[in-house]
Amino acid sequence: MTVLLLSTLAASLSPSGVLHTMVGFVLAAGVFELYLDVRQHLNFRVKKLPPQLVGVIEEKDFWQSQEYSLAKSRFGFVQSLFSLTESVCFLLFGALPFVWSLAGKVMAAASIDPDRELVRSLVASIIYDFYEGLVGIPFGLYQHFVLEERFGFNKMTLKQFFVDLGKQSLLDLVLSGPLMVALLWLVKRRVGGEFFFLWVWLLVIGFMFLVNLIYPTLLAPLFNKFTKLPPGRVRSAIEELAAHFPLTEVYQMDGSTRSAHSNNKRVVLYDTLLAQLSLGPLLAVLMHEVGHWLHGHLWKRLGVLALVMLGMLALFARAVNLPVLYTALGFHNERPVVVGLASFFLLAGPAMHLLGFFSNLWSRRFEYQADANAAAAGMSQDLGDGLVAISVQNKGNMNPDWLYSMYHYSHPTLLERLRALGWQPRPKSPVGAPAERTAAQLMAEDAPRPDAGAPRGAAPAGRGGAN
Ligand SMILES: [Zn+2]
C-alpha cells in the first residue's frame, strides 16, 4: 500500500522532490537506528548486575560482557555514521550517474558498445562492489584484529581474512552476476507482457531455493571445514536423539578457526559449541533445532518471503515506466532498469523497515516454539543452562534495551527465554568440585590414542552446564 501510494505520489512530484524524499527516508531510518544505538549504549554502561540477573550469571561475567558490548557499540557508531553520511552524499552528489558513466568508459576502452545496457549494468555493479569492498577493508580489519582480538575472540590470521574476502567476492560475482543480468533482461524485454514481473519472481524464487539447496553441501565448505563427528559417547547420544527425526549425519564445523563465537543455525555443531556445553545442554540445543525443523520454520519463512516479493515486484511493474524514477537520480536521457530498481527500493525504504520489524517479531515466535520443543522433551533446565553458558562465553548482550531488542533482535533475549522455559538457577556447586565435562572433553576422552601415555581430556576447560 505504502509503495503504491508513494509511486503515485512520485509521479506527481518533481525529480528534486522525489530525490529529497529518498534522502529523507534514508536519514529518518538512519537517525532512528542511531537513537536506538544510543539507548542500548547507555544500557551497556551499567556496571552493577541488574537485579533480574542475580543468580543467573556472575557479576564478573556481566561486567566483561558489558565491556565487550561497549567496545562494539562505539565501533558501531563510527560505522553507522560513516555509512549514513555515505548514502546521503551518494544520493545528493549523483554517485549513480558517475558510476554509470565510468562503466561506459571502461566498456568503450575495452571496445564494447556502451549502449549494451545489461553488460553496462554488470560492469557498473562490479565497480560499485569493488568500491564497497575496499571501503569495508579497514572496518573489517579493525573489527577482527583490534576489537575481537582484544577480547580473545579472533582466531583468524591476516592471510585468512583476505583469502575469505577474495572467496566471498568471487562467489558474489559468480552467483549474483548471472542472476542480475537475467533479471534485468526479463524486465528490459518485458518477457510475458504486462505480467513480466511473474517471470522475474519465478527467477528470484528459483535462485533462492537453489542457493538454500546447495549452500550446506557446496558453498559452506568453501569457508569452513566439516568433519563427521567421531564415534563415542557424544555421537551415540546425538544419534539416539536423532533416531526419531530424519537427521542422517552429524557434523562438526571448525567455526572456531575464525571466531570463537558459537552459532547453531544449522544442525551442524560448531566445535566452539562442543567446547562450551556439556552433553545435556548440547542435546537440549539440538532439540531446539529439531523444533525448528518439526514446525517447518524455514519453509514458512521462505514462503512468506516469496509472497512479499511477489507483491513488491507487482508494484515495481507498475512503477517501472515512471520517468521520475530515473530523473530523480540524475538519469535524464536513458532509463536503465537497474536504476529504476534502485529508485523503487529507495522509495520503498519505510515499507522495507516495517517488514524487517515484523520479520523479527515473527522470528522470535519461532524461537519460543523451538524452545518449547526442547521443554516438551523435558529439557528446559538443560536448555536454560546451555543458553546461559553460551551467552556468558560469547559475552552476549545481557542488558538489552527493550526498544532496541524489539527492533533488531531475531531471537528473544536471554532472560525472556529463561522465563519462558521456567528455568531455575542451580544451587552453586561446592568450591573445588570438578566442573561438568564439556562435550569436547568427552570426545577427547573417547578418541583412540596411539600414545597411551598422553594426558586425558586435552580440550580446553569449558563452562558447560553446572548440573
Ligand atoms: Zn532457534
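In this predicted model, the buried residues of helix 18 are covered by elements that include helix 8, helix 9 and helix 10. The buried positions in helix 18 are Ala439, Ala440, Gln441, Leu442 and Met443. Alanine 439 offers a handy view of how this covering is built: leaving aside residues up to four places away in sequence, alanine 439 touches Val234, Leu274, Leu277, Ser278, Leu279 and Leu282.

The setting of alanine 439 becomes clearer from the nonpolar cores. The largest of them has 39 residues, and Leu283 and Ala439 are the ones with the most contacts inside it. At least two residues of this core come from each of helix 8 (233-242), strand 3 (268-270), helix 9 (271-276), helix 10 (279-294), helix 14 (349-376), helix 15, helix 17 (414-421) and helix 18 (439-446). Helix 10 makes the largest contribution to this core, with 8 residues. A further core of 33 residues lies apart from that one, and its members include Ala103, Val123, Tyr326 and Leu347.

It is also worth setting the model beside the database record. An unreviewed UniProt entry carries the annotation "transmembrane region" for residues 77-100, 121-145, 165-187, 196-215, 267-286, 298-317 and 337-358. Two of these spans can be followed in the coordinates. Residues 121-145 are 100% helix and 0% strand, with 35 Å between the end C-alpha atoms. Residues 165-187 are likewise 100% helix and 0% strand, and here the end C-alpha atoms are 32 Å apart.

Two loop residues deserve a friendly second look for their backbone angles. Most residues other than glycine have a negative phi. Arginine 190, although not a glycine, has a positive phi of about 50°. Arginine 190 sits in the loop between helix 6 (158-188) and helix 7 (196-219). This residue counts as partly exposed because 14 C-beta neighbours lie inside 10 Å, a number between the limits of 12 or fewer for exposed and 20 or more for buried.

Lysine 395 likewise is not a glycine and has a positive phi of about 50°. Its place is the loop that runs between helix 15 (380-393) and helix 16 (402-408). Lysine 395 has 21 C-beta neighbours inside 10 Å and therefore counts as buried. The two residues thus share a positive phi of about 50°, while arginine 190 is partly exposed and lysine 395 is buried.

Notes:
Residues numbered from 1 in each chain as written. Predicted model: local features only at pLDDT ≥ 70, side-chain atom pairs only at ≥ 80, totals over all residues. UniProt positions renumbered as here; feature names shortened; annotations may be inferred. Helix = DSSP H or I, 4+ residues; strand = E, 2+ residues; numbered from the N terminus. Core = buried A, V, L, I, M, F, W, Y, C linked by C-beta atoms within 7 Å. Contact = placed C-beta atoms within 7 Å.
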